[in-house]
Amino acid sequence: HGHKGKFGLGPLSPLRIISHSIEPAAISPNGDGVDDTTDISVLFKARPIGGTPKGKSIQRRYFIEYSLKIREKGGSRVRKIDGVIEVEPGKDKCKIQNFRWCFKNGKKFKKLVRCIFKSLSDWKKGVEVQCVEVWDGRNDANAIVPEGEYVTRIKAQFIRETTIKGHKKRPPTVFRKILATVRKRLGKIDVIGGQTPLEIAI
């Protein structure tokens with residue numbers, strides 16, 4: 001289930017999950033200030049596809065949109081957390097050179113090969129992006145969940161947004177393309193001292 005890239009590149013997919021952690025793995029949301037919450041951390045590696053176009057009429061941005069779901073083990077979902085992270089390609093990291101430029105300027109074979117390999121190398125490095133969400137043991141209705149074991153999963157999409165500036169009074173045109181989708185089970189969280197079924201009923 002780890003990595004599902006639209007281009008079928010496996011480890012070279014435009015978006016991958018490198019690592020993840022849940023710390024602490026057990027919480028007791030009783031308000032005593034000790035292990036009331038847990039940090040759910042996911043480290044992505046993103047590889048923008050298409051580079052940064054030249055000129056002021058076209059702008060290109062990249063985003064990771066994710067949905068983190070927490071479910072009772074063998075039961076229904078109790079909490080859903082959505083988030084968006086903008087990915088900055090940067091000048092040195094993941095600035096994918098345009099292959100057309102390589103062929104246009106690499107008139108000599110050796111120069112062309114070096115240009116292409118550098119483009120691939122920059123793309124392979126990618127950009128590491130981390131997201132951290134805090135769960136306080138509460139459900140979507142802001143009530144403390146019952147004591148028990150909960151499972152966390154994440155779904156993330158890597159999106160390229162291209163904006164073309166409008167002419168005169170015309171508004172700009174925005175195109176969004178999903179470059180890759182990843183899904184992963186992150187692990188379990190034990191809730192200790194949560195609400196009992198009786199307390200929920202009251």
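What share of the contacts in the protein with a separation of 6 or more is accounted for by residues 24 or more positions apart? In this predicted model, such residues account for 71% of those contacts. The protein has 202 residues, of which 37% are buried, and its secondary structure comprises three helices and nine strands. Read from the N terminus, the elements follow the order β-β-β-β-β-β-α-α-β-β-β-α. The accessible surface amounts to about 12,800 Å², with 53% of that area belonging to carbon and sulfur atoms.

**Charged surface patches**

- A patch of positive charge on the surface brings together Lys69, Arg71, Arg153, Lys155, Arg183 and Arg185, and the strands β5 (58-72), β8 (148-164) and β9 (173-191) each contribute at least two residues to this positive patch.
- Within that group, Lys69 is located in strand β5, and Lys69 is classed as partly exposed because its relative accessible area is 31%.
- A negative surface patch is made up of Glu23, Asp32, Asp35 and Asp39; of these, Glu23 belongs to strand β2, which spans residues 15-23.
- Glu23 has a relative accessibility of 56% and therefore counts as exposed.

**Salt bridges**

- Side chains of opposite charge can pair when their charged atoms come close, and the structure holds nine salt bridges.
- One of these joins Lys73 to Glu149, with 3.4 Å between the closest N and O atoms; the pair links distant parts of the chain, since Lys73 sits in the loop between β5 and β6 (77-87) while Glu149 sits in strand β8, 76 residues apart.
- The two partners differ in exposure class, as Lys73 counts as exposed at 57% relative accessibility, whereas Glu149 counts as partly exposed at 23%.
- Glu149 also meets the side chain of Lys188 in a salt bridge, at 3.8 Å from N to O, and this pair again links distant parts of the chain, with Lys188 in strand β9 and Glu149 in strand β8, 39 residues apart.
- Lys188 has a relative accessible area of 41%, so this residue is partly exposed.
- In addition, Glu65, Glu161 and Arg176 are joined into one network by salt bridges that share partners.
- Asp140 and Arg77 form a further salt bridge, in which the closest N and O atoms are 3.3 Å apart; because Asp140 lies in the loop between β7 (127-135) and β8 while Arg77 lies in strand β6, the pair ties together parts that are 63 residues apart in sequence.
- Both of these residues are partly exposed, Asp140 with a relative accessible area of 43% and Arg77 with one of 36%.

**Contacts of individual residues**

- Gln157 has its place in strand β8, and its C-alpha atom is separated by 10.0 Å from that of Arg16, although the two residues are 141 residues apart along the chain.
- When residues up to four places away in sequence are not counted, Gln157 touches Leu15, Phe63, Ile64, Glu65, Ile178, Ala180 and Thr181; among these, Glu65 is also part of the salt-bridge network with Glu161 and Arg176.
- Ser28 is found in the loop between β3 (26-27) and β4 (38-46), and with a relative accessible area of 16% this loop residue is buried, because buried means under 20%.
- Apart from its neighbours within four places in sequence, Ser28 is in contact with Val34, Asp35, Asp36 and Ile192, and of these partners Asp35 is also a member of the negative surface patch.

Definitions and conventions
Residues are numbered from 1 along each chain as its sequence is written. This is a predicted model: local features need pLDDT of at least 70, side-chain atom pairs count only at pLDDT 80 or more; totals for chains, interfaces and linings use all residues. Side-chain values use heavy atoms; hydrogens and water are left out. Patches are made of residues with over 30% relative accessible area and no salt bridge: like charges are joined within 9 Å, nonpolar side chains (Val, Leu, Ile, Met, Phe, Trp, Tyr) within 5 Å. Accessible areas come from the Shrake-Rupley method with a 1.4 Å probe; for residues, only the protein chains shown count as cover. A salt bridge is a side-chain nitrogen of Lys or Arg within 4 Å of a carboxyl oxygen of Asp or Glu. Lys and Arg count as positive and Asp and Glu as negative; His and the chain ends are not counted. The place of a charge is taken as NZ of Lys, CZ of Arg, CG of Asp or CD of Glu. Helices (H or I, at least four residues) and strands (E, at least two) are DSSP runs, numbered from the N terminus. Buried means under 20% relative accessible area, exposed over 50%, partly exposed in between (1.4 Å probe, protein chains only). Contact means heavy atoms within 4.5 Å.
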